[in-house]
Amino acid sequence: MSRRHLYLLCAFLAICGLTFFLYKALVLKFPLQPEKQIATWRVEVRMQFEARGEPVKLKMNLPHSGNNLVIIDQNFVSAGYGLTTGIDRGNQVAVFAIRAASGPQTVYYRVLIHALRSADDLSREPVPDLPSTRLEGAERLAAERMMASARMQSADPETLAALLLKRLKSPAPSAEAALLLGPQPTSARVINVAVDLLRLGGIPARPVHGLTLEPERRGAHFITWLELHNGRNWVPRFPSEARPVVPEKTLRWWQGRTPLAEVVGGEELSHSVAVSRSYEYALATAIKQGQKLEQKLVEFSLFGLPIQTQSVYRSVLVIPIGILLLVILRNVVGLKTFGTFMPVLIAISFRQTELLWGAIFFAVIVAVGLSIRFYMEQLKLLLVPRLAAVVIVVVLTLAALTIFSHKLGFERGLSIGLFPIIILTMTIERMSIVWEERGPLESLQQALGSLAVGALCYLLMSLAIVEHLTFVFPELLLLVLAAILLLGRYSGYRLTELRRFRELAR
Amino acid sequence: MKGLIAVARALRANGVMGINERNAEFNLIHNERSRFPLVDDKLLTKELASKAGVAVPQLYGVIEIQHEVPELASLLSARQDFVVKPARGSQGDGILVVTGRSGNHYRLADGGLMDQPALEFHVSNILSGVFSLGGQTDRAMIEYRVNFDPVFEKITFRGVPDVRIIVFLGVPVMAMVRLPTRAAKGKANLHQGAIGSGVDISTGRTMTAVRGDQVVSEHPDTGNPVRDVQVPRWDTLLEIAARSFELTGLGYLGVDIVLDRDLGPMILELNARPGLNIQIANRAGLRPRLDAVLANRDRLRAIDERLEFAKERFGAQDPS
């Protein structure tokens with residue numbers, strides 16, 4: 001009776017898990033293999049200004065997704081400011097406002113960008129009504145002369161723009177160009193003049209500002225380029241600079257002649273930009289497919305969570321796999337370990353330190369703790385204070401190991417603070433009891449057994465495919481649950497028993 | 001791998017029971033969890049057994065809280081020999097057998113000496129749960145040290161030999177004598193290196209013996225053969241064992257009985273999860289005997305019927 005109940009329950013769980021899994025894998029085309037790692041960029045803009053003690057309004061342009069760069073997450077940090085976002089002159093803007101502020105003010109904007117093949121295409125944006133050129137008098141005359149000669153030597157808007165840029169950037173500019181540019185022109189000024197010239201010739205054009213994403217770049221600068229409409233779509237035209245611009249690595253931020261940010265009620269506005277890069281597994285296709293097909297399913301999946309939380313769940317969701325292995329090793333193989341789930345906890349901390357160093361740290365901490373524990377045996381302390389004393393020794397050993405490995409320039413050691421301190425303490429206590437009651441051999445055997453099981457769990461949990469499958473298809477854990485329930489009624493021999501009872505097999 | 005499967009098949013054919021099978025098919029089904037405390041706490045077991053008129057070693061005193069530890073000296077002043085035990089100890093851990101005094105020291109069964117502070121520390125450790133299942137706080141009990149029957153003298157190294165009988169639904173199904181060795185520090189615990197020798201249920205004579213997982217024929221410390229020793233008053237032992245089913249309500253039970261020279265058989269402790277090495281000691285699997293009891297459970301009501309059934313069915317197959 002109870003058996004059938006159990007089998008039905010397990011079958012139900014397995015069918016649920018498999019159905020979800022197959023639907024996601026076959027219909028939604030969630031990938032079964034981890035995709036190759038893709039770049040994640042973090043850009044941080046810091047804006048500082050002096051407030052004058054009156055209402056302050058800071059308007060800041062925000063970046064666009066595009067050029068295969070997709071904005072995944074953005075956040076604003078400002079003490080006491082109200083925040084609104086909206087659209088202004090074709091740009092996404094954020095407005096920070098406060099009734100009264102004085103003294104130096106700092107506002108942060110952080111954005112997280114994935115390099116993906118993205119669908120939204122800015123180049124198909126409709127042509128807005130652009131204001132006609134503002135050129136007057138001598139400037140207008142010079143501009144018309146430049147346009148006339150350039151138009152003669154070009155075939156279409158794109159070659160026209162290229163020629164204009166070339167002439168404006170020329171080290172020995174013509175008299176007309178010199179007049180339009182003024183003394184010592186910046187490259188932004190060159191672009192603005194080119195935009196004016198193109199508009200004069202009836203070609204829609206606009207200056208665009210963006211950021212080249214380069215690894216670990218503090219003090220990054222915005223660059224300006226030109227976009228013109230060739231009758232079908234918008235095309236970018238980069239001024240030929242010393243460093244060539246790679247469009248795939250350039251984040252389009254805002255368009256028009258406005259600066260990045262403007263402040264009312266403050267002065268000396270300055271900004272600095274930092275860019276950093278990391279690699280993460282991404283599920284480009286799945287997210288894209290998901291958005292098209294089953295918005296809801298994706299929204300309620302782990303992909304709807306903020307990126308930080310996602311990375312937490314990447315580690316949490318592999319724990320059941322480690323637990324399954326532990327159950328098998330204990331109940332089917334018959335290994336003995338200290339504490340029921342201690343090896344899995346050890347395995348989780350190995351994810352930070354990696355196997356070899358994790359094992360070394362584990363051995364050092366247990367050895368130090370055990371020798372202190374044996375020393376304290378002489379002091380005849382009661383159990384709880386004795387355990388507490390060992391906890392403190394373990395914590396100090398962890399700190400000492402971290403400092404030591406940091407001094408050696410060895411970064412792995414910095415993560416051992418995540419070792420399960422209490423579990424280690426209980427392990428030390430149990431080891432010392434077993435040591436005294438059953439002898440050092442059995443004690444060391446059990447400790448090594450626990451470590452080996454932990455290492456096996458770690459190796460399984462750290463497989464990229466395991467992490468990928470549990471994160472993308474958490475419903476597979478229902479299968480793991482079913483397997484563990486079935487193991488709960490496993491009444492066959494343990495592998496170690498075959499050895500133990502081998503005399504009786506004759 | 002093929003070898004392992006062959007071994008597993010042979011074990012299955014011989015009815016050898018593994019831990020998983022014991023837990024899943026017998027412990028979880030025939031032993032109600034609410035009754036576990038009766039056997040996990042040796043003080044409760046003792047109380048229960050005395051009420052039912054079954055002999056147990058006399059209780060000299062109980063230390064329940066740390067505050068009472070200093071009273072230990074006066075409590076023990078009249079005693080030459082005694083045993084200190086954690087009430088909820090597991091696998092024989094934390095048991096201290098004092099055989100006499102030597103000046104200010106206690107003489108231990110394993111030949112060592114212990115002074116008063118060390119004994120008090122040991123009791124403190126017992127109270128804080130160092131030796132108990134799951135580490136709950138515990139009580140320390142001090143009781144009569146059994147003067148074991150000389151029948152086992154030749155095959156015992158110090159300590160107290162005892163008889164372990166597995167009782168299923170009130171029917172004794174398998175038995176063994178556990179003989180302390182030097183390696184076990186005078187404790188009758190197979191986990192710690194004591195010898196287990198199978199006992200023929202129908203006659204009460206010892207058969208083959210096992211130490212660890214190895215079959216042995218002589219006691220390693222005394223060199224005397226372990227085989228063919230008659231356990232005295234065997235019928236009484238069987239009866240005590242069979243009655244423990246009614247005592248505790250636990251269907252699958254290990255009963256540990258000691259034979260005192262003067263006081264006869266006494267229940268030492270009961271175990272709801274008795275070890276499986278008894279199968280090696282008897283060179284026989286438990287499963288066929290348990291199945292036989294299950295098949296006949298309806299007619300095995302009265303204690304006489306159960307004992308008769310056991311003697312008839314579970315005697316040594318090999319008459320040699």
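# A tour of chains A and B

In chain A, 78% of the contacts with a separation of 6 or more are between residues 24 or more positions apart. The model on the screen is a predicted one, and the stops below begin with chain A as a whole before turning to individual elements and then to chain B.

**Chain A, overall.** Select chain A and colour it by secondary structure to bring out its 17 helices and 13 strands. Of its 506 residues, 43% count as buried, and when the surface is switched on, the accessible area of chain A comes to about 25800 Å², with 62% of that area belonging to carbon and sulfur atoms.

**Helices α2 and α3 of chain A.** Next select residues 137-152 of chain A, which form helix α2, together with residues 157-169, which form helix α3; the axes of these two helices come within 9 Å and cross at roughly 125 degrees. That angle makes α2(A) oblique to α3(A), and the crossing of the pair is right-handed. Show side chains to see where they meet: α2(A) contributes A:Met146, A:Met147, A:Ser149, A:Ala150 and A:Arg151, while α3(A) contributes A:Leu160, A:Leu163, A:Leu164, A:Arg167 and A:Leu168. Sorted by class, the contact of α2(A) with α3(A) has seven nonpolar residues, one polar residue and two charged residues.

**Strand β13 of chain A.** Move to residues 266-281 of chain A, which make up strand β13, and pick out A:Glu268 within this strand. Although A:Glu268 is not a glycine, its phi is positive, at about 55 degrees. With a relative accessible area of 64%, A:Glu268 is exposed.

**A:Pro343 in helix α10.** Now select residues 342-353 of chain A, helix α10, where A:Pro343 is found. Is A:Pro343 buried or exposed? Its relative accessible area is 0%, so A:Pro343 is buried. Leaving aside residues up to four places away in sequence, A:Pro343 touches A:Leu326, A:Thr337, A:Phe338, A:Ser450, A:Val453 and A:Gly454. To see how a separation along the chain translates into space, draw a C-alpha to C-alpha distance from A:Pro343 to A:Leu451: these residues are 108 residues apart in sequence and 6.5 Å apart in space.

**Helices α12 and α13 of chain A.** Continue to helix α12, residues 383-407 of chain A, and helix α13, residues 421-438 of chain A, which pack at an angle of about 120 degrees with their axes 9 Å apart. This angle makes α12(A) oblique to α13(A), and their crossing is right-handed. On the α12(A) side the contact is made by A:Leu383, A:Arg386, A:Leu387, A:Val390, A:Val391, A:Val394, A:Val395 and A:Leu398, and on the α13(A) side by A:Ile421, A:Ile422, A:Leu424, A:Thr425, A:Met426, A:Ile428 and A:Glu429. The residues in the contact of α12(A) with α13(A) divide into 12 nonpolar, one polar and two charged.

**Chain B, overall.** Hide chain A and display chain B, which has 10 helices and 13 strands. Buried residues make up 57% of the 320 residues in this chain, and among its contacts with a separation of 6 or more, 63% are accounted for by residues 24 or more positions apart. Chain B exposes about 13300 Å², of which carbon and sulfur atoms supply 49%.

**A loop in chain B.** For the last stop, select B:Asp228, which is found in the loop between β11 (214-216) and α7 (234-248) of chain B. B:Asp228 is not a glycine, yet its phi is positive, at about 60 degrees. At 45% relative accessibility, B:Asp228 counts as partly exposed.

Definitions and conventions. Residues are numbered from 1 along each chain as its sequence is written. Chains are lettered from A and ligands numbered from 1 in the order in which they are written. This is a predicted model: local features need pLDDT of at least 70, side-chain atom pairs count only at pLDDT 80 or more; totals for chains, interfaces and linings use all residues. Side-chain values use heavy atoms; hydrogens and water are left out. Axes are lines fitted to C-alpha atoms, for helices over the stretch in contact, and angles run from 0 to 180 degrees between N-to-C directions. Helices (H or I, at least four residues) and strands (E, at least two) are DSSP runs, numbered from the N terminus. Angles under 35 degrees count as roughly parallel, over 145 as roughly antiparallel, 65 to 115 as roughly perpendicular and the rest as oblique. A crossing is left-handed if the near helix is turned anticlockwise from the far one by less than a right angle, and right-handed if clockwise. Contact means heavy atoms within 4.5 Å. Ala, Val, Leu, Ile, Met, Phe, Trp, Tyr, Cys and Pro count as nonpolar, Asp, Glu, Lys and Arg as charged, and the others, Gly among them, as polar. Buried means under 20% relative accessible area, exposed over 50%, partly exposed in between (1.4 Å probe, protein chains only). Accessible areas come from the Shrake-Rupley method with a 1.4 Å probe; for residues, only the protein chains shown count as cover.
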